[in-house]
Amino acid sequence: MTEQMTEHLVKEAGMTEADREPVPVISLRGATASLGSRPVLRGVDLAVGRGEVVALLGANGSGKSTAVRAVVGQVPLSEGRLELFGTPLKRFRDWARIGYVPQRTTAASGVPATVREVVSAGRLARTRLRPLGRADRAAVDRALELVGMADRARDSVNALSGGQHQRVLIARALAVEPELLIMDEPMAGVDVASQEILAGTLREQVAGGATVLLVLHELGPLEPLIDRAVVLRDGCVVHDGPPPRAVGQHALPGHDHVHPHAAHDAEPIRTGLLS
Amino acid sequence: MDILDYAFMQRALIAAVLVGITAPAIGIYLVQRRQALMGDGIGHVAMTGVGLGFLLNASPIWMATAVAVVGSVAIELIRWYGKTHGDIALAMLFYGGMAGGVMLMSMSDTGSNANLVTYLFGSLNTVSPQDVTTICVLAAFVVLVTVGLRRQLFAICQDEEFARVTGLPVRLLNLLVAVTAAVTVTVAMRVVGLLLVSALMVVPVAAAQQLSRSFAMTFALAVLIGVTVSLSGAVTSFYVDVPSGPTIVLLAIAIFIALALLAGPLARKRARGSAAAAERCTLEVPAARVPQDDVRV
């Protein structure tokens, strides 16, 4: 695994000597996890190298969301090892290197809050208990600019559309100025305009050297950015390599992929009606 | 102002102001994470503390504080671990606390039902000088936590999972919120009473939300409304012979209704302002499906 990783990094164009780091940013090995009594991850290996953009794909219930939540320490592993930036999770304290976008449909809570207030919360990874300084406010401003929400900074998040909620949640993660972005379905329920803005934001982050792990239901406008796709099915990795090409009507521009379906290599659905 | 000539009324007004500040200040975080009735539960548990105070001839306020803090920590632990039967465990804790309070009260020599009622619904003119000192110390703690840690508490109440990934000590901060809520309950106990304390934590916040768009503004307005209703409730109960707790709560609800009626036209005015600046929609929908398009699933 380490050899593959080094190979990949050497192949990466425009990398200086200092950027080459043999240690993967994320290293998940033999991970198993259950929610309640149901096993959700059944021995997942996932390694993400510095500067890589990895998409985690799979049908609903395949365990992709649980896998990323395990990576950020929010789902306990019953077996397996997790290292972030070469440090085992238990000893990992450097959370300011990670920007996390949880799976949410809203950035709102029980009390009104402005876009700026929500995005500023992301900065706590760096400030912890000290008050926000000038540099922190500047980082929040930049994050708002990046997702095109600077003009809405003083508006209540309750007044936003679904796509704008997602942009706020991503700005909150970017306010940390992270090296590693972990996003759980950032494109869910996002309109085309917001999707394009988010793809542009991500492109800039990747150009700046960020590493990205994101859960997607389909590749969509992010496809050109993605180096590698890991496909999960029933809690196991069934594909780890170049992103699967979209074929047939799925490849048509503007195709809205919303109908329920099984993974392309899934076995036929057995309804039990014929047996 | 002849009302200030009475020492007991001076104490009552000090207590009222402190309650008006502290109850909404912690209440906003409970409302934010949709646990508006947490204060009510802690109030029930604190009754055991009051009963214990009477039974042991100790200060009911300090005993109530101790029991409420223990109870709130227990509630927080149930929230962590008791995912499946959490609500049943909470119900047992709440009603066990209330039953325990009444039981202990009846067992003590000095306690009586009349005494208990002053703790349940508040009784301003029984605030003793020692009570005022205690209330001042506890209120200072509540203000220190809710204002000093407002960014951190905002983050954990807004999105707990995200806050954990920023590396904040979320469990510790959650415990701090629970303990602060418990302390606030005992601060407010003499003024609005244990059964009505939750109203002063929630209603001013709900009223402030009608007008504000930001968390900071909601916080400031809620405290302003809290102080206004608790002070005017205290003064009203001095001139008209009515208990302070119900007066304060009914005033708060009246303000909520007034602001809610005001909020409708205000929101429509704002919507008109932002509609003018809105972008046109860019979503492209294919006009029709081609015949060979396979739509089977």
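Two strands are taken to pair if DSSP finds at least two bridges between them, and the exercises below apply this to a predicted model.

**Exercise 1. Describe the open sheet of chain A, from its strand order to the helix that packs on it.**

Solution. Begin with the order, which is β6-β7-β8-β3-β9-β10 in chain A, an open sheet of six strands with mixed pairing. Next, identify the edges: β6 and β10 (236–241) of chain A each pair on one side only. Direction ignored, neighbouring strands of this sheet are turned by 15° against each other on average. For one pair in detail, take β7 (residues 180–184) and β8 (residues 211–215) of chain A, which run parallel and are joined by five bridges; within this pair, A:Leu180 has A:Thr211 of β8(A) as its bridge partner. Finally, add helix α6 (residues 162–174) of chain A, which packs on the sheet by touching β6 and β7 of chain A, and whose direction makes about 165° with that of β6(A).

**Exercise 2. Determine what the end-to-end distance of helix α3 (residues 60–81) of chain B should be, and compare it with the model.**

Solution. The expected span is 1.5 Å times one less than the number of residues, so the 22 residues of α3(B) should span 32 Å. The C-alpha atoms at the ends of this helix are 31 Å apart, which agrees with the expectation. As for its surroundings, the buried residues of α3(B) include B:Pro60, B:Ile61, B:Met63, B:Val67 and B:Ile75. The chain that holds this helix has 12 helices and zero strands, and 47% of the 297 residues in chain B are buried.

**Exercise 3. Characterise the side of chain A that touches chain B.**

Solution. First count the participants: the contact takes 29 residues from chain A and 33 residues from chain B. On the side of chain A, the elements that give two or more residues are β6 (98–101), α3 (115–122), α4 (124–127) and α7 (192–207), and the largest share, three residues, comes from α3(A). Then sort the residues of this side by character, which gives 16 nonpolar, nine polar and four charged.

**Exercise 4. Find which residues touch the most other members of the largest nonpolar core, and follow one of them into its contacts.**

Solution. Of the 165 residues in this core, A:Leu56, A:Ala171, B:Ala46 and B:Leu200 touch the most other members. Helix α1 (residues 7–32) of chain B supplies the largest share of the core, 15 residues. Taking A:Leu56 and leaving aside its neighbours within four places in sequence, the contacts include A:Lys64, A:Ala67, A:Leu213, A:Val230 and A:Leu232.

Terms used: Residues numbered from 1 in each chain as written. Chains lettered and ligands numbered in written order. Predicted model: local features only at pLDDT ≥ 70, side-chain atom pairs only at ≥ 80, totals over all residues. Contact = placed C-beta atoms within 7 Å. Helix = DSSP H or I, 4+ residues; strand = E, 2+ residues; numbered from the N terminus. Nonpolar A, V, L, I, M, F, W, Y, C, P; charged D, E, K, R; others polar. Buried ≥ 20, exposed ≤ 12 C-beta atoms within 10 Å, placed from the backbone. Core = buried A, V, L, I, M, F, W, Y, C linked by C-beta atoms within 7 Å. Axes fitted to C-alpha atoms, helices over the stretch in contact; angles between N-to-C directions.
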